[in-house]
Amino acid sequence: MKRFSNLELVNFPTVDEVDNDLIVDQFERFFTKVNVSDTDLLKISVKEYAKGGLRKQHEVKAHLVLEGSDFSASETNWQLIRTIQDVLKKLEKEVQKSTSK
């Protein structure tokens with residue numbers, strides 16, 4: 001995966017090239033919309049749950065340190081990319097709420 005200087009991935013599963021490109025696009029979109037600087041840090045951790053079948057459920061937790069403020073969000077879903085999209089949208093909303101006050 002293309003590395004961002006302010007992105008830390010924990011327990012991130014190996015994905016194919018197509019999924020990797022989609023995930024990178026999501027991070028680029030998020031960093032642009034939220035205006036994350038080089039001193040800020042986004043930490044994404046992934047936990048997978050296999051409940052006896054072939055499918056795995058993905059729990060994605062995001063923690064963002066932005067200009068000294070902490071933001072966090074989590075989401076659980078069957079599709080990894082969808083879960084990452086959802087958690088980044090939640091985080092974006094949290095940031096927008098705090099900056100609009």
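**A conversation about a predicted chain**

Visitor: Leaving aside its neighbours within four places in sequence, which residues is Asp40 in contact with?

Guide: Once those neighbours are set aside, Asp40 is in contact with Asn6, Asn35, Val65, Leu66 and Glu67. Please keep in mind that this is a predicted model.

Visitor: Where does Asp40 lie?

Guide: Asp40 belongs to the loop between α1, residues 17-34, and β2, residues 41-50.

Visitor: And is Asp40 buried or exposed?

Guide: Asp40 counts as buried, because its relative accessibility of 4% falls under the 20% cut-off.

Visitor: What does the side chain of Asp40 reach?

Guide: The side chain of Asp40 reaches the backbone nitrogen of Ser37 at 2.9 Å. A polar atom of the Asp40 side chain also lies 2.9 Å from the backbone nitrogen of Glu67.

Visitor: How far apart are Asp40 and Asn6?

Guide: In sequence, Asp40 and Asn6 are separated by 34 residues, while in space their C-alpha atoms are 6.2 Å apart.

Visitor: You mentioned Glu67. Where is Glu67 found?

Guide: Glu67 sits in the loop between β3, residues 56-66, and β4. The phi angle of Glu67 is near 50°, which is a positive value in a residue other than glycine.

Visitor: Buried or exposed, this Glu67?

Guide: Glu67 counts as exposed, because its relative accessibility is 68% and the cut-off is over 50%. Its partner Asp40, by contrast, counts as buried.

Visitor: What about Asn11, what is its phi?

Guide: Phi of Asn11 is near 55°, again a positive value in a residue other than glycine. Asn11 lies in the loop between β1, residues 7-10, and α1. At 62% relative accessibility, Asn11 counts as exposed.

Visitor: Let us step back. How many helices and strands does the chain have?

Guide: The secondary structure comes to two helices and four strands. Read from the N terminus on, the order of the elements is β-α-β-β-β-α.

Visitor: What is the radius of gyration of the chain?

Guide: The chain has a radius of gyration of 14 Å, and a compact globule of 101 residues would have a value near 13 Å, so the two agree. Along its principal axes, the C-alpha trace spans about 45 × 25 × 20 Å.

Visitor: What share of the residues count as buried?

Guide: Of the 101 residues, 38% count as buried. The accessible surface comes to about 6400 Å², and carbon and sulfur atoms account for 45% of that surface.

Visitor: And how many positive and negative side chains are there?

Guide: There are 16 positive and 17 negative side chains, and the centres of the two sets lie 7 Å apart.

Visitor: How much of the contacts comes from residues 24 or more positions apart?

Guide: Among the contacts with a separation of 6 or more, 45% join residues that are 24 or more positions apart.

Visitor: Back to single residues. Where is Glu75 found?

Guide: Glu75 is found in strand β4, which covers residues 69-77. Glu75 is buried, with a relative accessible area of 18%.

Visitor: Which side chain does Glu75 join in a polar contact?

Guide: The side chain of Glu75 makes a polar contact of 2.8 Å with that of Lys90. Beyond residues up to four places away in sequence, Glu75 touches several others, including His58, Val60 and Asp86.

Visitor: And Thr76, what does it contact?

Guide: Apart from its neighbours within four places, Thr76 is in contact with Gln57, His58, Glu59 and Thr83. Thr76 also lies in strand β4, and it is partly exposed, with a relative accessible area of 37%.

Visitor: Now the helix. Where does Glu92 lie?

Guide: Glu92 lies in helix α2. Its relative accessibility is 8%, so Glu92 counts as buried.

Visitor: Which side chain does Glu92 make a polar contact with?

Guide: The partner is Arg29, whose side chain makes a polar contact of 3.3 Å with the side chain of Glu92. Leaving aside neighbours within four places, Glu92 is in contact with Arg29, Phe30, Lys33 and Val34.

Visitor: Last one: where is Ser98 placed?

Guide: Ser98 is in helix α2, residues 80-99. Ser98 is partly exposed, with a relative accessible area of 33%. Ser98 and Phe71 are 27 residues apart in sequence, and their C-alpha atoms are 9.4 Å apart in space.

Notes. Residues are numbered from 1 along each chain as its sequence is written. This is a predicted model: local features need pLDDT of at least 70, side-chain atom pairs count only at pLDDT 80 or more; totals for chains, interfaces and linings use all residues. Side-chain values use heavy atoms; hydrogens and water are left out. The radius of gyration is taken over C-alpha atoms; the globule rule is 2.2 Å times the number of residues to the power 0.38. Buried means under 20% relative accessible area, exposed over 50%, partly exposed in between (1.4 Å probe, protein chains only). Contact means heavy atoms within 4.5 Å. Accessible areas come from the Shrake-Rupley method with a 1.4 Å probe; for residues, only the protein chains shown count as cover. Lys and Arg count as positive and Asp and Glu as negative; His and the chain ends are not counted. The place of a charge is taken as NZ of Lys, CZ of Arg, CG of Asp or CD of Glu. A polar contact is a pair of N or O atoms within 3.5 Å; within protein, one must be able to donate a hydrogen and the other to accept it, and residues adjacent in sequence count only if both atoms are side-chain atoms.
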